[in-house]
Each structure stands twice: as C-alpha cells, then as structure tokens.
Amino acid sequence: KKRPMETNVTGETVLSWARSKVEAEAGRRSWQPQSVLPTRLISVGKVGESMVRLRKDGDWDGENRGYATLSYCWGQIPQFKATKANIVDLYRGFPLTSLSQTVQDAVEVTRSLGLPFLWVDALCIIQDDEADKSREIEQMATIYRNTAVTIAALSATGATKGFLRVPRPRPQSCEILLPLGSRDQVGTISLAVEEPGVDLCEMPLCHRGWSFQELFLSPRILLYSTDQLLWYSRKAGLQSVTDTNRVYRQNFHAILSRSRVIPSVPADDTDKVSQEEALQQSRKRAPILRFWATIITEYTQRQLTEREDRLRALAGVANHLEERWGDRYIYGMWRNSIPHLLQWRVAGCRTGKRSDRAPTWSWASLDSAVGYFGDL
C-alpha cells in the first residue's frame, strides 16, 4: 500500500526532506542581516563540533540569521540553564554535553537543518533575573513568529529524556515480489496494516501550559512523537515526514490550525455607538468571542509548574492578538468583550485558592480548568 515506514528520525532521507521544507517555506528572506533576532541565541556550530556558545544582541555575524526554537517539557530533574552567575561563561562557550539530552538533540536537528542558531528558554533567558525574564516573556510572540522552525519534543516527559534516539515501534508490514512483465525483472511492493495513531493531544508536551503559545505562534513545526516525525506549517497543514500508515485524530490538527483562522475585528467596531449599534457590533464580534473562549478552554486544561505563570504563559498569544484586533487585553479578557467573556465557569473540580495575580472576575484568578456558559 505504501513504502515501509521510516522510524529513524535521524536518517539522512528524513533530514533532507525536513531541510528542504524549512528552506522552501521559511524563505531565506527572513534570514538576512536586517531580520529581528531575540536578545540571545545559542550558536550551534557545525555537525560534529563539541562546543556551543551563547550569543547576544549586537554580536551577530554573517548573513544567515535563521534560527530554530525548541518547545519541550522541563520535567522535574534540574537542567543546565543560564543564571546571573554563569552568563559570562556561556558567552565564551561551553561543552555540548553539559546540556540536557533534549537540548542536545535540538542542537543536532538545528545543525542538520543548516540553521546557525537555536533559541531555548532555559539558556536564552537568565532564569534568576526577574527583570530579564519579564522582558523576554514580552518578546515571546516575536520570537516564535519569526522562527524558521520550532522543534517540538512531543513525547519527551522531561529535558533529560531526549527525543531523537528513543525506541519507535514499526507497523506490521511485509514485502511481496512482483514480476514486472519480464522474467528478469522483479519489483517489490510493501503492505502495511493501517493502525490507529497515537492521540497527539495526549503527548506530554501538550499537557504543558507554556507550549500552548509556542505551538500557536510558530509558523512551522517539526513534531517528534512516540512513533514518528511529523511536519506542520500554516501552508501545508499536518503531514508525516516518515510516511506512516497511522491515522491521526483531527483534533490535534485543529489546535495547530488556530493561528490560521484568527477572526477579524468588524470594520465598524468602535466605542461611541448607540445601544442598537452596539448590539449589532456584538453579533459581529461573536466569532472573536468563540475563538478566545476556545483558546482559554484549551489552555486552562494544561499544567504549569509555577502557578503564578497563569497569565505570563499566554502573554505571547495575547500580544499577537492585540496587534491583530487593536483591542486591549486586560487580565485574560478583551476590553470590548468583557461583558460576554465574564460568562466563564470552572470546568470540573475547582483546584487551589484564588490568586491576587488577577481580579476575582477573571478566570486567571484561579488555577482550575475553565469553560464558558452557552454559545458566545
């Protein structure tokens, strides 16, 4: 039915395909010297090199400014990260082996894709500097929107696990010899059982709160799952790189596609209107309300290590939509739609106490999963 599934996600055939996709869809225009780069990036060097180093704004050389971003689970085991004490040493260079396995794998993929830089939150944000963290979190939308590709370690439960050289099951398959019209010519066809795919929404990364905006904002993603490598782009949608016979549920594709279908603000949307005009505008804004309610419902089902990150972990999406909608974002709500968005409710059991990070009328004041009453 199809060629045998290639489960080796580090194979040259797979990497060549991915490299061609990144170059074709990202376009080298975004890699030129005038491109806006994050404050810091890891300079990954060449394949086989044992050292990498952190680079900072104003220290870029060469014309290729393409960078990859990593979306991954930190896990419970402490990982190597940037601090005020070691940041100068990171600029000088450090062994690749000092990094957690997931970050090492991301460096390997970045090198194979021909990209010079990689952005990883643990190393590109000074983790014990609150001012630096706040400043870089504000730039999240720009960082992920401008990436050449996001490397998503879907299956890794923590930074120490890695995602490249992990066992991946092969489907049941067989090859059959097939005569080609001549006694001397014989071909082969491969038959494989069509199997139900793993629910990608149940992958460890999809339970992490921060990953919601990382995947939402990324225009292109390489997704390393438990059984194969997948490619997503706003242009091509979700497709397999390793050509498996597994069938995936559409709900994961729908989540990735949210950023392709952001509704527009009505052209006549304004504050100074009569009551009747306001009602008409409200009806026109219904797609925006439903869109935001869907985002909050999906986002609040995820977990955060630090409960006070409830708003921060969605700040990139909010900044992106503020630019698109021209509306003001207030504690998880949109100013022009607050009366409607107050219709939120706790979904399931309430967890934890209210926090003063947001007013009590905002869903962000609780740690619980949230839904909405009725049809907004």
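This passage describes the sheet, the helices around it and the empty spaces of a predicted model.

The sheet was examined first. Nine strands build an open sheet of mixed pairing. Their order is β4-β2-β1-β5-β3-β6-β9-β10-β11. The edges are formed by β4 (94-95) and β11 (237-240), each of which pairs on one side only. Helix α1 (residues 12-26) packs on this sheet. The helix touches β6 (149-152), β9 (220-224), β10 (229-233) and β11. The direction of α1 makes about 5° with that of β10.

At the β4 edge, strand β2 (residues 51-56) runs antiparallel to β4, and two bridges join them. Val-52 of this pairing stands opposite Phe-94 in β4. The loop between β1 (40-43) and β2 holds Glu-49. Glu-49 has a relative accessible area of 37%, so this residue counts as partly exposed. Apart from neighbours within four places in sequence, the contacts of Glu-49 are Leu-96 and Arg-111. Glu-49 and Leu-96 lie 47 residues apart along the chain, yet their C-alpha atoms are separated by 8.4 Å.

Strand β9 was considered next. Five of its five residues are buried, and β9 is therefore largely enclosed by the rest of the structure. Both faces of the strand are covered. Arg-220, Leu-222 and Tyr-224 are buried on one side, and Ile-221 and Leu-223 are buried on the other. Strand β9 pairs with β6 through three bridges, and the two run parallel. In this pairing, Ile-151 stands opposite Leu-222 in β9. The pairing of β9 with β10 is antiparallel and has five bridges. Here Arg-220 stands opposite Ser-233 in β10. The two strands β9 and β10 form a hairpin, with four residues between them.

Helix α7 (209-217) is likewise mostly covered, with nine of its nine residues buried. The buried residues include the aromatic side chains of Trp-210, Phe-212 and Phe-216. Gln-213 and Glu-214 are also among them. Helix α7 contributes to the largest pocket as well: α5 (130-138) and α7 each supply at least two residues of its lining.

The largest pocket encloses about 790 Å³ of space. Its lining comprises 26 residues. Trp-74, Arg-208, Trp-210, Thr-305 and Glu-306 lie nearest the centre of the pocket. Trp-210 is thus named twice: this residue is one of the buried residues of α7, and the pocket centre has Trp-210 among its nearest lining residues. By class, the lining of the pocket divides into ten nonpolar, eight polar and eight charged residues.

Closed spaces were also searched for. Rolling a probe the size of a water molecule over the atoms shows where empty space is left. Across the whole structure, two cavities of 30 Å³ or more are found. The second largest cavity has a volume of about 40 Å³. Thr-10, Leu-15, Glu-108, Val-109, Ser-112 and Leu-164 form its lining. Helix α3 (residues 101-112) gives the most to this lining, with three residues. The lining of the second largest cavity splits into three nonpolar residues, two polar and one charged.

Key: Residues are numbered from 1 along each chain as its sequence is written. This is a predicted model: local features need pLDDT of at least 70, side-chain atom pairs count only at pLDDT 80 or more; totals for chains, interfaces and linings use all residues. Side-chain values use heavy atoms; hydrogens and water are left out. On a 1 Å grid over the protein atoms alone, a cavity is a set of points where a 1.4 Å probe fits but cannot get out, and a pocket is an open set with protein on both sides within 12 Å along at least five of seven lines; lining residues have an atom within 4 Å of a point. Grid points are joined across faces, edges and corners, and a volume is the space filled by probe spheres set on the points. Ala, Val, Leu, Ile, Met, Phe, Trp, Tyr, Cys and Pro count as nonpolar, Asp, Glu, Lys and Arg as charged, and the others, Gly among them, as polar. Two strands pair if DSSP finds at least two bridges between them. Contact means heavy atoms within 4.5 Å. Axes are lines fitted to C-alpha atoms, for helices over the stretch in contact, and angles run from 0 to 180 degrees between N-to-C directions. Buried means under 20% relative accessible area, exposed over 50%, partly exposed in between (1.4 Å probe, protein chains only).
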